[in-house]
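Subject: Structure for you to look at

Hello,

Here is the structure I promised you. Please open it beside this email and follow along as you read.

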Amino acid sequence: METRSKMSWLTTGFATFIAAVGLVFASLPAEAQQPSIMSEIVKRGAIRIATIAGNPPYSALGANGQPEGYDVEIGKMLAASLKVKPEFIIVDVPGRIAALQTRRADVTVANFTNTVERSTTIAFTNPYMVVGSVFMVLKDSPIQTVDQLNDPKYKVAFARGGTAEQISAAATPNASKLRFDTVGDAFLAMGSKQADSHLQDSFQNVAYMEKEPGKHRTLPGNFSYEEIAIGLPAGDFDWWRIVDTWVRQFNGSGENNRLFRQFFGFDLPPFK
């Protein structure tokens, strides 16, 4: 009788435990119960990739209206490795995060810096490149240093919603700020002398200067360390694991360097 009582108690207790677990899962937020991103991609036959326009050589719209550039090719290569089609979604700079939060995009590949603030709402892979930030001026500009640029009479141009906002505030707090929708627009503002300087990443700076040699120069100094990575929706570990593995293989195989050289004209500097 004692053994039967124990068995009955164990059975009843286990059933109660299972019921409690069921209640816990039923109470989880809707997003926690969503199908896995990878399963949705397979079902759809396409991976949705958020990127931005007006940011060459990373990404821009070509003459045919289709996105092109270094980041765009990365997205295509990721899709090919998963044996699905790439489906590009054009967003603005702040939209890189929103597209992931709303599950409108499966990944963001858009010159996207991994920061602590961003990592509180979305996930990032390991970086596929590391850049700095530099200030560019026209060759005939009287400005010789960033300290000199740090004056209300001078205007610094950059793309709104990116890390340049914080970098400019720290490096040139007294300079006037001009915010534009894209890096390309900010660059053109400097070219037309609407702005005195353009703040951009160090690799992009080299590409711009090689495209128009003798027209621009860079002020001394590097003002950031930025790990550029692929962004993903938070909360799906398996999806992060898949994409992060792909990034590490992309870096280690030499494919990243080959692709980078194609769009930037020089070898990708080593990074840790």
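R258 is partly exposed, at 36% relative accessibility. Its salt-bridge partner is E255, with the closest N and O atoms 3.1 Å apart. E255 is partly exposed too, with a relative accessible area of 29%. Both residues sit in helix α11, 3 residues apart, so about one helical turn separates them. The general rule is simple: an α-helix has 3.6 residues a turn, so residues three or four places apart point the same way. Please keep in mind that this is a predicted model.

Now the rest of that helix. Which residues of α11 are buried? They are N256, L259, F260 and F264, in a helix that runs over residues 255–264. These four cover an arc of only 110° around the axis, so they lie on the same side of α11. What covers them? The cover includes helices α3 (70–82), α9 (202–211) and α10 (237–252), along with strand β7 (129–131). Just after α11 comes G265, which takes a positive phi of about 85°.

Next, the other salt bridges. A search of the whole structure finds 11. One of them joins D267 and R261, whose closest N and O atoms are 2.7 Å apart. D267 is partly exposed, with a relative accessible area of 44%. R261 is also partly exposed, at 38%. Elsewhere, R44, R48 and D106 form one network through salt bridges that share partners. E212 and K215 make a further pair, at 3.9 Å from N to O. A salt bridge here needs the two atoms within 4 Å, so this pair counts. Relative accessible area is 29% for E212, which makes that residue partly exposed. K215 is partly exposed as well, at 40%.

Turn to the interior. In soluble globular proteins, nonpolar side chains tend to be buried together. The largest nonpolar core here has 32 residues. Which of its members touch the most other members? They are I47, V107, Y128, M129 and W239. Several elements each supply at least two residues of this core: α2 (37–44), β1 (46–52), α3, β7, α9, α10 and α11. A second core is separate and has 20 residues, including I52, M136, L138 and A229.

Take a closer look at I47. Set aside residues up to four places away in sequence. I47 then touches a list of residues that includes I41, L78, A79, L82, V107 and W239. Charged residues are on that list too, among them K85, E87 and D106.

One last residue: D71. It lies in helix α3. Is D71 buried or exposed? D71 is buried, yet has no salt bridge. How far away is the nearest side chain of opposite charge? That side chain belongs to R96, and it is 7.4 Å away. The cut-off for a salt bridge is 4 Å, so R96 is not a partner. What does the side chain of D71 reach instead? It reaches the backbone nitrogen of N111, at 2.6 Å. Leaving aside neighbours within four places in sequence, D71 is in contact with Y58, V109, A110, N111 and Y128. Y128 has come up before: it is one of the core residues that touch the most other members.

Start with α11, then move on to the core and D71.

Best wishes

Methods: Residues are numbered from 1 along each chain as its sequence is written. This is a predicted model: local features need pLDDT of at least 70, side-chain atom pairs count only at pLDDT 80 or more; totals for chains, interfaces and linings use all residues. Side-chain values use heavy atoms; hydrogens and water are left out. Buried means under 20% relative accessible area, exposed over 50%, partly exposed in between (1.4 Å probe, protein chains only). The arc is that of the directions from the helix axis to the C-beta atoms. Contact means heavy atoms within 4.5 Å. A nonpolar core is a set of buried Ala, Val, Leu, Ile, Met, Phe, Trp, Tyr and Cys residues joined through side-chain atoms within 4.5 Å. Lys and Arg count as positive and Asp and Glu as negative; His and the chain ends are not counted. A polar contact is a pair of N or O atoms within 3.5 Å; within protein, one must be able to donate a hydrogen and the other to accept it, and residues adjacent in sequence count only if both atoms are side-chain atoms.
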